[in-house]
There are 2 protein chains.
Amino acid sequence: MGHGVEVTELFGIGKKYTIGCSERQQLAIIVRDDGIREIYVFDRKDSEHPKTVIELDEEETRRVAAVLGGTFFGD
Amino acid sequence: MGHGVEVTELFGIGKKYTIGCSERQQLAIIVRDDGIREIYVFDRKDSEHPKTVIELDEEETRRVAAVLGGTFFGD
């Protein structure tokens, strides 16, 4: 299951999950020890400067994970 | 469980899930009938023009959902 996801320990902060995408973009998700998730979107050509950063608290993370995972049923 | 997520049917395309975030950003996820997920990030002040769009195929979606949902164990 580790295929396509690289996990890096960020001591004192949390864990970083780098996810390779087939598009020109690349994703990195930092799961912070305080529960906040930061999603970074990078251009393939510039892995230093994220194009955008999304910060999700635990409730928001649950919603996004449910929609992406197909376990959200709102109707 | 519908709290915080608004579901809109996009006939012939799929379903749109609008997720309110506590930050200045807002997320919309379109689950297309062909399995592709599009994540749109909007600024609160401009809900017409997304700041960024992320397109995930089914494999990428699984990885992101696993990391966000806390069910990814890479080590």
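This report walks through a predicted model, starting with one chain and then turning to the interface and the salt bridges.

## Chain A on its own

Let's begin with chain A. There are 75 residues here, and 44% of them count as buried. The secondary structure adds up to 1 helix and 5 strands, and if you follow the sequence along, the order is β-β-β-β-β-α. In other words, the strands of chain A come before the helix.

What about contacts within the chain? Take the contacts in chain A between residues at least 6 apart in sequence: 4% of these join residues at least 24 apart. As for the outside, chain A has an accessible surface of about 4200 Å², and carbon and sulfur atoms account for 49% of that.

## Where the two chains meet

Now for the interface. On the chain B side, 40 residues are in contact with chain A, and on the chain A side the number is 40 as well. How much area do the two chains bury between them? The figure is about 3300 Å², with 67% of it on carbon and sulfur atoms. Three residues of chain B stand out here: B:R63, B:L68 and B:F72 lose the most area to chain A, and together they make up 21% of what that side buries.

Charged and polar pairings across the interface are quick to list. Between chain B and chain A the salt bridge count is 0. The search for residue pairs in polar contact across this interface, with both residues at pLDDT 80 or more, also comes back with 0.

## Who does the touching in chain B

Which elements of chain B give two or more residues to the side that touches chain A? They are β1 (5-10), β2 (14-19), β3 (25-32), β4 (37-43), β5 (52-56) and α1 (58-69). The largest share comes from α1(B), which supplies 9 residues.

Sorted by class, the side of chain B that touches chain A has 20 nonpolar, 11 polar and 9 charged residues.

## Salt bridges in chain B

Looking at the whole structure, the search finds 8 salt bridges over all chains. Two of the ones in chain B share a residue, B:E59. One links B:E59 to B:R62, with the closest N and O atoms 2.9 Å apart. The other links B:E59 to B:R63, and there the closest N and O atoms are 3.5 Å apart.

The helix helps explain these pairings. B:E59 and B:R62 both sit in helix α1 of chain B, 3 residues apart, or about one turn of the helix. B:E59 and B:R63 are 4 residues apart in that helix, so about one helical turn separates them. How covered are these residues? B:E59 is partly exposed at 34% relative accessible area, B:R62 counts as exposed at 52%, and B:R63 is buried at 12%. B:R63 is also one of the residues that lose the most area to chain A.

Another salt bridge in chain B joins the side chains of B:R32 and B:E38, at 2.6 Å from N to O. B:R32 is partly exposed, with a relative accessible area of 22%, whereas B:E38 counts as buried at 11%.

## A network in chain A

Chain A has salt bridges too. Here A:R32, A:D34 and A:E38 are linked in a network of them.

Definitions and conventions: Residues numbered from 1 in each chain as written. Chains lettered and ligands numbered in written order. Predicted model: local features only at pLDDT ≥ 70, side-chain atom pairs only at ≥ 80, totals over all residues. Heavy atoms only, no water. Contact = heavy atoms within 4.5 Å. Buried area = accessible area lost by both parts, 1.4 Å probe. Salt bridge = Lys/Arg side-chain N within 4 Å of Asp/Glu carboxyl O. Polar contact = N/O pair within 3.5 Å; in protein donor to acceptor, adjacent residues only side chain to side chain. Nonpolar A, V, L, I, M, F, W, Y, C, P; charged D, E, K, R; others polar. Buried < 20%, exposed > 50% of the residue type's maximum accessible area, 1.4 Å probe, protein only. Areas by Shrake-Rupley, 256 points an atom, 1.4 Å probe, with all protein chains shown as cover.
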